[in-house]
Amino acid sequence: MQFSGRRRKLAVHSQNDLYSHCLQLYVQPPLENISLSEFETFAVERLKLLKTVENLGVSYVKTTEQYTKKLHAEISNLNFPHKAEVDEASFTKSQVGPSEYEKRRKDHISHFILRLAYCQTEDLRRWFIQQEMDLFRHRFNDLSSKYKTEFLHKNNLKYDTLSADEKMNLKDQLINSTFGFSGITIVEQDFYKVPFQDALDLIRTRKVFLRGGYAYIPHQDIVTIVLNDFRTRLSKALALTARSLPAVQSDERLQPLLNHLSHAYVGQDYSIQKNIGKISLEQIDPLSAKSFPLCMRQLHKSLRENHHLRHGGRMQYGLFLKGIGLTLEQALQFWRSEFIRGKVDADKFDKAYAYSIRHMFGKEGKRTDYTPYSCMKVILSNPPSQGDYHGCPFRHSDPELLKQKLQSYKLSPSGIVQILELVKGMHYQLACQKYFELTHNIEDAGFSLNHPNQYFMESQRLLGGVKEIKKEVEVPQKVQENSVTNGTSVSRQPNTTQAMEEMGDLDSYFADE
Ligand code: SF4
């Protein structure tokens, strides 16, 4: 695909200039052609990186050694740039893995692709800006002073620097109000004079000298100012991108990819289940209390109480049950026995509902093997309305109701406070992970939660339940035939375009009551 009509020669030249530093402000969009396969791989890998940034940001204090170490490891695992100093030879060629040029190119292009996917709603924009800022902060802090200065020059970030005389005049004030400074360091370090509103973080922590509406910031803390700049630019760019989105979305190759990316789930799809039939219908009640995530526990409870679930609930819960190993026969029996206890008679069930359950198992229509919903899909699409029980309770329940629910499940008051804090910060999956830890009585879940079926598997592994389940999730994902993505790394991911089509198709078979 082509990002611009400019001539390739010009593009290559400017791209090389663009990649002369390992860190970017992403001012200039990519100007080269890339394949759809590369487009999707880059996007999925950046998304993985941003998910790690989010998880680490909640689990550790940012800028601590542990946080820095883990993030650094993920950046290099996913082949994003992390070296400031590279000699010319290894810039374009590498003995192992991609060269530094390729990494910087990927960093650049993947950022712009996710801009397209994450400019669509306020929630998405906020999430994207937060993770990109945390990533930027880590990478900027990782630079030596020399490369920080180089970055500022390259990006034309000219902040007012104090002259030697000004520094000497303000020497005492600077020493007294700047954290960790002596007379010698004052002479050696550059100080910048910026409007106080650009340095609120430093003022809040009383780390800088403040006078006449200006904050005096030492070079070592300039990251705060650069970050402000980065946030303002990114926020404006996302608003602009949102305006031009209709044009991009009219491209039928990109539209499903971009839509799905914002809901994208980048792990196991839980469609391969060798444990099919290993769970009996009698086990579902106890399993729902022990090993179901809150979303599925809520759906199960409501089904048992009301003997009915509406469309969204049947989809979410039905596919989850299929994912944990219910056979088609069991599923038909399960839904039938529950529905006929309510207002639906056996005849109506067979006419109105049985077809859709067989369809879900790939026995009707296009005979597609549908996959259970990931957390991102549950959280971001089809919010529940009155009378619905689907969705993610951490995202869609009123906090007070959520609190009552957690109390009824006998969670400790301090645990509930921690969960509600995470919910307040919009870290819904982390809140769910905390719920896992509390209900399983462990300190650290030791995994990063992305899927309700993953929650179930991990719980069963921990409780020593359904044996071979863990082994089975390690079976590589089914390589789906794919007209868009046939690069090797992409084939391991769920095929986003196909998944979108499948779910749309399946939706149409579920008539609601
Ligand atoms: Fe379900 Fe995921 Fe929400 Fe947990 S975070 S309740 S698994 S959707």
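**Exercise 1. Describe the packing of helices H23 and H24: which residues make the contact?**

Solution.

Step 1: geometry. The axes of H23 (residues 413-424) and H24 (residues 428-439) come within 8 Å and cross at roughly 165 degrees. Axes are lines fitted to C-alpha atoms, for helices over the stretch in contact; angles run from 0 to 180 degrees between N-to-C directions. Helices (H or I, at least four residues) and strands (E, at least two) are DSSP runs, numbered from the N terminus.

This is a predicted model: local features need pLDDT of at least 70, side-chain atom pairs count only at pLDDT 80 or more, and totals for chains, interfaces and linings use all residues. Residues are numbered from 1 along each chain as its sequence is written, and side-chain values use heavy atoms, with hydrogens and water left out.

Step 2: orientation. H23 and H24 are therefore roughly antiparallel to each other (angles over 145 degrees; under 35 is roughly parallel, 65 to 115 roughly perpendicular, the rest oblique). Their crossing is right-handed (the near helix is turned clockwise from the far one by less than a right angle).

Step 3: contact. H23 supplies Gly415, Gln418, Ile419, Leu422 and Val423. H24 supplies Tyr428, Leu430, Ala431, Lys434, Tyr435 and Leu438. Contact means heavy atoms within 4.5 Å.

Step 4: classes. The residues of this contact divide into eight nonpolar, two polar and one charged. Ala, Val, Leu, Ile, Met, Phe, Trp, Tyr, Cys and Pro count as nonpolar, Asp, Glu, Lys and Arg as charged, and the others, Gly among them, as polar.

**Exercise 2. Place Tyr428: is Tyr428 buried or exposed?**

Solution.

Step 1: location. Tyr428 lies in helix H24.

Step 2: accessibility. Tyr428 is buried, with a relative accessible area of 13%. Buried means under 20%, exposed over 50%, partly exposed in between (1.4 Å probe, protein chains only).

Step 3: neighbours. Leaving aside residues within four places in sequence, Tyr428 is in contact with Ile379, Phe394, Arg395 and Val423. His396 is 32 residues from Tyr428 in sequence, and 9.7 Å away in space, C-alpha to C-alpha.

**Exercise 3. Work out the sheet: in what order do the four strands stand?**

Solution.

Step 1: order. The open sheet runs E1-E2-E4-E3, with antiparallel pairing. Two strands pair if DSSP finds at least two bridges between them.

Step 2: edges. E1 (160-161) and E3 (209-211) are the edge strands; each pairs on one side only.

Step 3: E1 with E2. Two bridges join this antiparallel pair. Thr161 stands opposite Tyr192 in E2.

Step 4: E2 with E4. E2 (residues 191-195) and E4 run antiparallel, joined by five bridges. Tyr192 has Ile217 of E4 as bridge partner. Pro195 stands opposite Tyr214 in E4.

Step 5: E3 with E4. Three bridges join E3 to E4 (residues 214-218). Phe209 is partnered by Tyr216, and Leu210 by Ala215. The hairpin of E3 and E4 has two residues between the strands, and Gly212 takes a positive phi near 55 degrees.

Step 6: burial. Four of the five residues of E4 are buried.

**Exercise 4. Describe the packing of H6 and H12: at what angle do they pack?**

Solution.

Step 1: geometry. H6 (residues 122-141) and H12 (residues 222-249) pack at about 145 degrees, with their axes 10 Å apart. H6 passes H12 in a right-handed crossing.

Step 2: contact. H6 residues in the contact include Phe128, Met133 and Phe136. Those of H12 include Val226, Phe230 and Leu234.

Step 3: classes. This contact has 13 nonpolar, two polar and four charged residues.
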